[in-house]
Amino acid sequence: MKNPYLPYPVRIDNIEIATEDKSLKTFKFVFLNKEDEEKFAYRAGQFAELSVTGKGEIPIGIASSPVEKGFVTFTVNKAGLVTSHLHNMKAGDIMGIRGPLGNSYPWDRLEGKNILIVGGGFAFTTLRSSIVYMLDPANRSKFGNIDVVYGARSPGMLLYKEELVQWEERDDINMHITVDGTDDPDWKYNIGFVPPVTEEKAPRADENTYAIVCGPPIMIKFTLPVLEKLGYSHDHIIMSLENRMKCGIGMCGRCNIGKELVCKDGPVFTLDELNETPKEY
Amino acid sequence: MKVIKIDKKAWAGGLEKSRSGYKLFGPVKEKNKNFGIFKELGEKQMPDLKIETRLSPKSVIYPQSEVMFEYSTDETRDDCNLMKAPEKDCSPRAIIGISPYDAAAFLILKRNFDTPEYKDPYWCNSFEASTFIGIAVNEPDSTDFSTSTKTGPFDTSGLDILLVDTGDDYLAQVVTPKGEKYLKTAGWEVEAGGDAANKIEEMKKAAEAKISSHISFENIKNKSILELYEADFWEDISFACINCGTCTYVCPTCWCFDIQDENKGNKGKRHKNWDSCMFPIFTLHTTGHNPRETKLQRVRQRFMHKLKYFMDKYNDGIMCVGCGRCVRLCPVNIDIRTVCKTMNS
């Protein structure tokens, strides 16, 4: 019987500071056993439990993309016991990852559609995974227009800056990068919160356009009315939730919202589905 | 229906004999207490089939604390930081003297731990290794409402053998081949006479008739989750609750758990421990945000899970077998039967 609690052993291959305040780092892991990488086959939007031996586990969205082979990456905010310890680890250290867990963004439904991505702060990880997946030469033709609104407090708090710049220069993706404010005179992108920038730049809704929204609660709160104003119906608005988790496989009982388990039935839900559940997230 | 007759004089001898193939578990009286607890039976120790158990027997399959993995954080070792599952004893075990509804509770737990996508090997292996030998409840307690929950004092759905105490004898109703195998090992093979099945049926009817407490959840099925969730009766229901968690610990169907690493020097163990939705830390985010911050939210979660979410998810009744433990042991007299009635009205 396969033990779903047993993490795959991994080596930290590289650690990069992801934001100017050093509160986020991106960890690149390599599987110690090559065959585990195949078993870890994932879709954009899924997460995994990072297991730090002696400290515990923490559920984190997968930031690398299924089209990137040989490693997996996670961008982790330093917040609690496990993540603080993780931030003090070094390349070469051995730890575990368990997954992939949860559903993913609904790629079957999204194929052939225009995609609007709205992200804020450090919630951009699985969105980055999704963008890299869609922009892959083998996949780009499967999608219509791709628009991305991504905002952070300041330029230094944007994740994956080099990639953002590269995407800006492409003509097959419309980037709308924004910051709450900056004193950088050379800042050439938007200034303003995500909701108003979305209202101004995002495409209007139609049957063939889906919005994927991921960000802090305050951003979600003010972005949803904007999307409604733009005509997005609730079954075309896709969101990813976070709740406290332990097992990640639907057994330990704490992450439920009504009858749905965020770890197993989610973390991705349409707004339509969320409207039917208690708001316990 | 195959029924074996066990003379009570042959009871101790048969149990002893069955130890050749099984580890035995059963209710045992706690020292200086007037209640029992399910334990592995020591040498010559006999199960007490009459004693009330406060904690359900779920711990026999699902211990309150269980080691999932062992590890070393010693960097000079090759296996530094790697998790290893300890050898687990999965030899056959017989759980003797479990009530029919406590046995049925394992079928509810099975839905959680044995799913099409994932199987919890700790739970599943223990469950598979177990033979459940139930004792029919001839004198149901006043808090027993098991006939309303698809089980009952003589229910065999979770059992391999049902023992019926007729005074001088036990009539052992053979429910599964697993049960038959146990009876053979114990040397109990004499079939009861032709009227045994009728006798069991009569006693079953008599026991069921003694149950005075009934609940109905027909209307709960037809109400929406949000309608029940947003109802204004939760304030009243949760008012007296002190969030002690007793209800969740004594419940045979509560399955929630926590995972914790415990270190001693550079060695450690990853444990699976019972947890409770009554505790605020159960759902507390690292940010300080808590989706079930208030007592009302937590009490509502427990009853909604048992009486609505489970029903909607599996379409197979409620997550309760009507044993009455939470009713008897709640220090502030919160009664699931009343809650169910309120939700159903």
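Which residue is the bridge partner of A:Asn114 in β11(A)? Select A:Asn114 in this predicted model and look across to β11(A): the partner there is A:Thr209.

**Stop 1: the neighbours of β11(A)**

Now select residues 114-120 of chain A, which form strand β7. This strand runs parallel to β11(A), and 6 bridges join the two. Next, add residues 237-240 of chain A, strand β12. β12(A) also pairs with β11(A) in the parallel sense, over 3 bridges. To see one position of this pairing, pick A:Val213 and find A:Met239 in β12(A) standing opposite. Then follow the chain from β11(A) to β12(A): the path goes through helix α7, residues 217-229 of chain A, and the β-α-β crossover is right-handed.

**Stop 2: the two faces of β11(A)**

Select residues 209-214 of chain A, the whole of strand β11. Is this strand mostly covered or uncovered? It is mostly covered, with 6 of its 6 residues buried. In a regular strand, side chains alternate between the two faces of the sheet. Colour A:Thr209, A:Ala211 and A:Val213, which lie on one side of β11(A). Give another colour to A:Tyr210, A:Ile212 and A:Cys214 on the other side. Both faces are covered, as the residues on each side are buried.

**Stop 3: the nonpolar core**

Keep A:Ala211 and A:Ile212 selected, and add A:Leu50, B:Ile161, B:Leu163 and B:Ala172: these have the most contacts inside the largest nonpolar core, which has 166 residues. The element that gives the most to this core is α3(B), with 8 residues. In soluble globular proteins, nonpolar side chains tend to be buried together. Centre the view on B:Leu163. Leaving aside residues up to four places away in sequence, it touches B:Ile133, B:Gly134, B:Ile135, B:Ala136, B:Tyr170 and B:Ala172.

**Stop 4: where the chains meet**

Show both chains. Here 41 residues of chain B are in contact with 34 residues of chain A. Elements of chain B that each supply at least two residues to its side of the contact include β4 (65-72), α3 (100-113) and α11 (295-314). The largest share of that side, 6 residues, comes from β9(B). By class, the side of chain B that touches chain A has 22 nonpolar, 12 polar and 7 charged residues.

**Stop 5: two domains of chain A**

Finally, colour residues 8-100 of chain A as domain 1 and residues 107-240 as domain 2, following the domain assignment. Their centres, taken over C-alpha atoms, are 24 Å apart. The contact between them takes 18 residues from domain 1 and 14 residues from domain 2.

Definitions and conventions: Residues numbered from 1 in each chain as written. Chains lettered and ligands numbered in written order. Predicted model: local features only at pLDDT ≥ 70, side-chain atom pairs only at ≥ 80, totals over all residues. Contact = placed C-beta atoms within 7 Å. Helix = DSSP H or I, 4+ residues; strand = E, 2+ residues; numbered from the N terminus. Nonpolar A, V, L, I, M, F, W, Y, C, P; charged D, E, K, R; others polar. Domains from an automatic or database assignment. Core = buried A, V, L, I, M, F, W, Y, C linked by C-beta atoms within 7 Å. Buried ≥ 20, exposed ≤ 12 C-beta atoms within 10 Å, placed from the backbone. Pairing = 2+ DSSP bridges. Right-handed = clockwise from strand over helix to strand, strands pointing away.
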